[in-house]
Amino acid sequence: MKAKVFVDHKQLYRLARETLQGLGIDIDPYEKMGNLTVAKMQMVEIAKAVSQDASIIVMDEPTSSLTSIEVAQLFGMIRNLREKGVSIIYISHKMEEIFKICDDVTVFRDGQMVGSDLVSNMDVTKLIHLMVGRDLDAMFPKIDCPITDVVMEVRDLASGSRFSGISFDLRRGEILGFAGLVGAGRTEVLETLFGLRTKTAGTITINGKVAEISRPSDALKHGMAMLTEDRRGTGIIPVSSVASNIVVANLKQYVRKNGLINHRKIASDAKEYIKRIEIKTPSKDTLIQDLSGGNQQKVLVARWLLTGPDILFVDEPTRGIDVGAKAEIHSLITKMAGEGKAIIMVSSEMPEILGMCDRVLVMHEGRQTGILDRCDATQERIMEFATRTDEETGETQSQAI
Amino acid sequence: MESNAISRRRFNAKGFISKYAMYVILIVLIAIFGFAEPAFFTGRNFVNILTSESSRGLLALGVAFCIITRGIDLSLGSVMAVSSVFSASLVQKLTYSTLIIPGLVNIPPIPAWAAVLFGLVVGTSFGVMNGLLVAYTKIHPFIATLGSMTIARGLALLFTNAYPVPMLREDFTIIGQGSLFGFLPNIVCIFLLMAIIANILLNHTKFGKNMFAVGGNIDAARASGINVERTLVLAYTWSSFCAALAGVMVTARSASGIASLGEGYELDGIAAATVGGVSQTGGVGSIVGCIGGILVLGVINNGLLILGVSPYLQKIIKGAIIVIAVVFDMRKVARKK
């Protein structure tokens with residue numbers, strides 16, 4: 001039995017349980033990874049590193065899809081590991097995390113190290129200055145623009161058991177934020193509106209007419225566009241050029257009368273958008289996979305701008321991109337609202353929601369728990385709605401619309 | 001790759017070499033064979049190469065579309081056989097004693113074009129089925145087309161009882177035996193014509209662009225409003241149409257329908273497309289590359305044959321070249337994770 005050929009499953013699960021318990025993680029070692037939440041998957045990853053007696057653990061954006069409670073748990077675990085003498089390299093875009101958890105900080109910009117110091121010698125302005133090479137006075141360049149007539153009315157929207165009872169109006173020039181914890185169903189609402197997920201109840205009215213949207217091409221016909229959450233999964237076409245990625249949702253416009261593609265028009269439009277929204281790319285023929293995350297995101301913004309949408313959904317538009325590009329994406333979104341487009345933005349970053357949105361719809365476990373106006377929206381109020389239990393939700397529904 | 005038509009700027013030596021590595025290999029091979037055996041280096045022999053590779057070349061043009069959508073089509077060899085026996089069965093000389101369709105004697109002769117059309121329709125219907133299976137049931141294209149490969153072969157064998165379908169009328173065989181300007185066989189002309197059409201479809205139509213998008217990232221393609229299902233059905237339909245055309249042309253050329261026609265040809269087609277840079281990871285490929293791949297394999301086949309290399313050794317050399325070519329190609333366009 002002790003031969004080194006066969007796996008000792010009993011021992012394997014026993015050790016796994018010990019490791020998990022040692023870190024205070026409550027997960028059954030027999031559970032399939034696919035059934036865990038992202039936060040728990042991450043904890044398993046950390047347990048894996050610990051079980052290998054790692055002396056250095058690299059964590060790349062470990063909190064990007066965690067709730068604040070989970071982040072606190074993670075930080076507890078990190079402190080624990082530190083006390084045991086484990087070194088941790090913590091890669092993050094989130095300033096407050098750096099100041100909360102790190103001892104030293106090193107800043108990289110455009111592939112170069114631009115500074116390194118004790119965190120105690122740093123402050124946020126100094127850090128941002130290092131990161132973008134200039135002072136960033138406006139992360140959220142919100143410009144006030146007239147919010148006019150309703151373009152989309154959503155009533156009692158539901159998709160299976162993922163979410164139900166979503167109702168709101170969306171107006172031209174408005175940025176409506178969707179806030180809530182990860183897993184609250186915000187992305188699923190957008191997917192349903194865009195025809196990527198089956199609608200099981202409710203009505204969508206666009207410009208006064210009931211719209212039947214069963215696939216994304218229907219949504220496009222109604223002037224909708226959607227910058228998806230998962231840039232690699234549902235956004236970029238990695239082995240295609242920047243130009244191809246820009247025009248892919250809009251090819252119809254490039255078909256000549258004889259049925260052939262007008263390559264010259266594609267080239268000139270691609271160049272125009274690369275210039276207009278300042279996509280940093282060696283050329284329009286560069287493969288999109290060779291660009292930075294921020295620039296890939298800008299290519300996707302270009303893709304949807306090109307379709308000339310009236311309604312734009314942006315789902316976690318700045319996840320995993322650097323501070324400089326973040327501000328540029330924010331200003332693009334604001335500008336689009338200024339042009340009279342109606343925008344829904346899902347974001348898990350509270351400053352982004354508070355800084356950008358005219359109104360905020362808050363969700364909790366697949367239910368809409370409230371809609372807050374910009375002037376009423378504070379971090380505390382939003383969190384209150386986002387963590388609200390079900391019996392309290394009844395009355396807020398009606399006042400919400 | 002798909003932007004060949006729009007990129008023409010800036011000379012990049014490294015990029016140039018990796019982009020044209022296959023043509024360098026092709027020229028080197030031709031030089032080696034030509035030097036070793038003067039008979040290789042004749043215009044007549046080049047026409048021979050083209051003629052013997054045309055049917056497999058058609059399959060390569062077909063399967064390239066499937067591979068670009070990140071699929072595969074294993075049914076092409078069997079589709080050739082189906083279109084072969086079905087088209088041949090309609091144009092057997094009535095003097096032949098054991099007609100596949102005995103009823104032919106009682107009806108007016110079926111025109112040759114109708115027989116061609118029948119073969120094409122029956123063959124292409126397998127592609128429609130493949131496409132629907134791949135697009136709507138989401139089973140892996142390898143399995144879907146493995147199934148239809150077996151079904152199509154079985155159908156051809158069942159229909160003919162594994163007997164050949166010989167004694168075809170001259171108005172039908174002329175389609176395969178004729179030639180353009182007296183030296184370019186019709187099957188070569190058809191192959192070149194289809195290559196031009198394939199290139200136009202792939203690089204200059206919305207369908208082509210959609211195939212690249214579907215192969216590059218199917219979820220992104222769907223989220224961009226592309227009708228993914230229609231694109232897939234069309235790709236597999238095109239693929240089997242190419243095979244059906246190859247089947248009919250070979251049948252007319254050899255004046256006999258054969259139920260075992262094209263066995264293993266689908267793999268040659270896949271090999272040619274792959275050597276030509278059509279990547280199995282999807283979203284990458286060109287028809288020009290495909291033709292290069294066909295020529296490389298054709299030149300190797302023909303050159304080794306002329307040099308009198310053992311056919312068994314030929315297989316080993318061919319296999320090695322396929323693998324080496326793809327290793328090089330993978331380095332060229334590695335998909336970043």
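How many cavities of 30 Å³ or more does the rule count? The count comes to six cavities of that volume or more in this predicted model, where local features need pLDDT of at least 70, side-chain atom pairs count only at pLDDT 80 or more, and totals for chains, interfaces and linings use all residues. Residues are numbered from 1 along each chain as its sequence is written, chains are lettered from A in the order in which they are written, and side-chain values use heavy atoms, with hydrogens and water left out.

**View 1. The largest cavity.** The largest cavity has a volume of about 110 Å³ (a cavity is a set of points on a 1 Å grid over the protein atoms alone where a 1.4 Å probe fits but cannot get out, and lining residues have an atom within 4 Å of a point; the volume is the space filled by probe spheres set on the points). Of its 14 lining residues, K94(A), T318(A), R319(A), G320(A) and E349(A) are the closest to the centre.

**View 2. The lining and the two domains.** The lining of the largest cavity divides into one nonpolar, six polar and seven charged residues, with Gly counted as polar and Asp, Glu, Lys and Arg as charged. Because domain 1 (9-102) and domain 2 (150-399) of chain A both give residues to this lining, the cavity lies between them.

**View 3. The salt bridge between chain B and chain A.** One salt bridge is counted between the two chains (a side-chain nitrogen of Lys or Arg within 4 Å of a carboxyl oxygen of Asp or Glu). The side chains of R215(A) and E229(B) meet in a salt bridge at 3.5 Å, N to O.

Conventions: 1 Å grid on protein atoms, 1.4 Å probe; cavity = no way out; pocket = protein on both sides within 12 Å on 5 of 7 lines; lining within 4 Å. Domains from an automatic or database assignment.
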